[in-house]
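Q: Could you take a close look at one aromatic part of this protein for me? I would like to see how its rings sit together and what lies around them.

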Amino acid sequence: MHMTRPPQPVPPAQDPDRAAVAAVIRAETTAFQQRDYAAWARCWVQEPRTRDVYVSPATGLTVHSGWAQISRYMKHVMDSGIGCPNVPFGQKNLRITLSGDTAWVVYDEWAAPPGSARIESFETRILERISGDWRIVYAAFVMRHGDPGGDEAISVDATGQLLWASPVTLARLQDHPLLTLSAGRLRAHRRDWDRALQEALRRAGQYHGYFELHRFTQETGGPFDYPAILGETDTGGLAIVHLSVRNGTTYVRIDGDAQIDRRLTVAQAVYGLSDAQVRLARQIADGKGPKEAAEALGISVNTARTHLSRLYEKTGVNAQTALVRLLLSVG
């Protein structure tokens, strides 16, 4: 049987066609950023079979079919200024596969809008050579918008290796009471805390796959977003970080959980907690012991311990660790 070797991706610099295809990719992106509609349109096959597809967590799926629809929409975007501003961006991992007069291109792109989280996209282009010039006939943009935790989270892989963190977060990690970076890996200051942290990251990493996380959300009715209790602090509080999984990545919030208040509101209704008990629970969820919580709330330590006892009675647990896990696992 005669086997034909399929076309292989080759770096653009190795032949003129790949260099020409790469130039079209750069020109299309640059023209879009500069809001130069005429230059942008020259990069496209202007026929009814042309299509572009956008997918992002924020907007879902958008499909434009045919040059008339694509051009009308993109001219509106550029004329109105609602498209991507002229911000720092970059492209990497460009792979071009040629077969006759067709080119298949995949690459990754990033943009860094001032004051916003980094945006990443995974791009696909199909180009055709028409009258000697390469033009885009199909484009797909799969976008990932920064990270769910904003400036209070870092993204890591299943081993705790740092993938991304804002400058604000990196600065906070320099004197964080629980966490640090060591050789690019997220670690806890104390050995027992670090063992618990690495185990929590390992468990979260089991849901980095699309189908694993999809099944989890189907079975639990919600996203993977939970507190990881590393142990007790010297003041009797709890060392807590909050983990979530999204985009095939684990996000670690280092300065509290934006979902805590919502979950405590649900827990209040489920367990019949008083407002005073919820306020104490909020302090405990932030890692404080009874004494620190009492100081923060302006109440006596005895009153704080009374509230804590009532929390134990109503929830059926008898330890701060179990209480936090229970209260922050609802909602």
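A: Happy to; here is a walk around one group of aromatic rings and its surroundings.

Please keep in mind that this is a predicted model. For orientation, the protein chain has eleven helices and 13 strands, and buried residues make up 41% of its 331 residues.

The part to look at is an aromatic cluster formed by Tyr37, Trp40, Trp44 and Trp67. The structure as a whole holds ten aromatic pairs. In one of them, the ring centres of Trp44 and Trp67 are 6.3 Å apart and the planes meet at 35 degrees, so this pair is tilted; the tilted class runs from 30 to 60 degrees. Trp44 sits in the loop between helix H2 (37–41) and strand E1 (51–56), while Trp67 belongs to helix H3 (residues 67–80), so the pair ties together parts that are 23 residues apart in sequence.

Both partners are hidden from solvent. Trp44 is buried because its relative accessible area is 3%, and Trp67 is buried too, with a value of 10%. The cut-off for buried is under 20%.

Now follow Trp44 outwards. Beyond its neighbours within four places in sequence, Trp44 is in contact with Glu28, Thr50, Arg51, Asp52, Trp67, Arg135, Ile136 and Ala139. At another edge of the cluster, Tyr37 has a charged companion: Lys75 lies over the face of its ring, 6.0 Å from the ring centre.

The cluster also leads into the largest nonpolar core, which has 25 residues. Trp40 and Trp44 are among the members that touch the most others, along with Val21, Val105, Leu127, Trp134 and Ile136. Helix H1 (16–33), H2, H3, strand E3 (89–99), strand E4 (102–111) and strand E6 (133–145) each give two or more residues to this core, and the largest share, five residues, comes from H1. Apart from this core lies another one, of 24 residues, including Leu264, Ile284, Ala285 and Leu311.

To set the close-up in the wider fold, take the contacts in the protein chain between residues at least 6 apart in sequence: 50% of these join residues at least 24 apart. The accessible surface of the chain comes to about 17,300 Å², and carbon and sulfur atoms account for 52% of that area.

Technical notes
Residues numbered from 1 in each chain as written. Predicted model: local features only at pLDDT ≥ 70, side-chain atom pairs only at ≥ 80, totals over all residues. Heavy atoms only, no water. Phe/Tyr/Trp six-rings, centres within 6.5 Å; stacked < 30°, edge-to-face > 60°. Helix = DSSP H or I, 4+ residues; strand = E, 2+ residues; numbered from the N terminus. Buried < 20%, exposed > 50% of the residue type's maximum accessible area, 1.4 Å probe, protein only. Lys NZ or Arg CZ within 6 Å of the ring centre and 35° of its normal. Contact = heavy atoms within 4.5 Å. Areas by Shrake-Rupley, 256 points an atom, 1.4 Å probe, with all protein chains shown as cover. Core = buried A, V, L, I, M, F, W, Y, C linked by side-chain atoms within 4.5 Å.
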